[in-house]
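User: Hi! Could you walk me through the aromatic rings in this structure, and show me how each label is earned?

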Amino acid sequence: MKIETLGFALTDWGTVAREEHKGVTGTSFWRTRQFGEVRVRIVEYSPGYSADHWCKKGHIIHCLEGRVESELDDGRRLVLTAGMSYLLADDSEAHRFATGDAGARLFVVD
């Protein structure tokens, strides 16, 4: 990611349209802002969410609320809870998310 032409940007996330994305189970809701090549999102995962795909995109993720489990394609499982961050590079490790009973809310930059 290269942040070049962003300039100053203020976001009121409550005014950003919410997009629905179904998982194998559950639903995620994205509020997305695009700044050139940089995508910034607030992602909310419903309780019982399970991703329908493996992702190879790099991310900087900060868990705002709840708990999410990241499964890596090598079998590792990492748990992210409120206050924790997760960073990985493009094409480094395929991963997918699942939530438990409480769901989760994440801040994502990719």
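Below, we go through the ring pairs and then the charges over rings.

Analyst: Happy to help! Keep in mind that this is a predicted model. It holds four aromatic pairs.

User: Why are Trp 13 and Phe 107 called an edge-to-face pair?

Analyst: Their centres are 6.4 Å apart, and rings pair if the centres lie within 6.5 Å. The angle between the planes is 85°, and over 60 degrees counts as edge-to-face, so the label fits Trp 13 and Phe 107.

User: What parts of the chain does this pair tie together?

Analyst: Trp 13 lies in the segment before β1 and Phe 107 in strand β7, so the pair ties together parts that are 94 residues apart in sequence.

User: How do you know whether Trp 13 is buried or exposed?

Analyst: Its relative accessible area is 19%, and buried means under 20%, so Trp 13 is buried. Phe 107 has 29%, which lies between 20% and 50%, so Phe 107 is partly exposed.

User: What makes Tyr 45 and Phe 97 a pair, and of which kind?

Analyst: Their centres are 5.9 Å apart, within 6.5 Å, and the planes are at 75°, over 60. Therefore Tyr 45 and Phe 97 are an edge-to-face pair. Tyr 45 is in strand β3 and Phe 97 in strand β7, 52 residues apart. Both Tyr 45 and Phe 97 are buried, and ring pairs link them with Tyr 49 and Tyr 86 into a cluster.

User: Which rings have an arginine over the face?

Analyst: Arg 18 lies over Phe 29, 3.8 Å from the ring centre, and Arg 41 over Trp 30, at 4.3 Å. Both distances are within the 6 Å cut-off.

Note on methods. Residues are numbered from 1 along each chain as its sequence is written. This is a predicted model: local features need pLDDT of at least 70, side-chain atom pairs count only at pLDDT 80 or more; totals for chains, interfaces and linings use all residues. Side-chain values use heavy atoms; hydrogens and water are left out. Rings of Phe, Tyr and Trp (its six-membered ring) pair if their centres lie within 6.5 Å; planes under 30 degrees apart count as stacked, over 60 as edge-to-face and the rest as tilted. Helices (H or I, at least four residues) and strands (E, at least two) are DSSP runs, numbered from the N terminus. Buried means under 20% relative accessible area, exposed over 50%, partly exposed in between (1.4 Å probe, protein chains only). A charge sits over a ring if NZ of Lys or CZ of Arg is within 6 Å of the ring centre and within 35 degrees of the ring normal.
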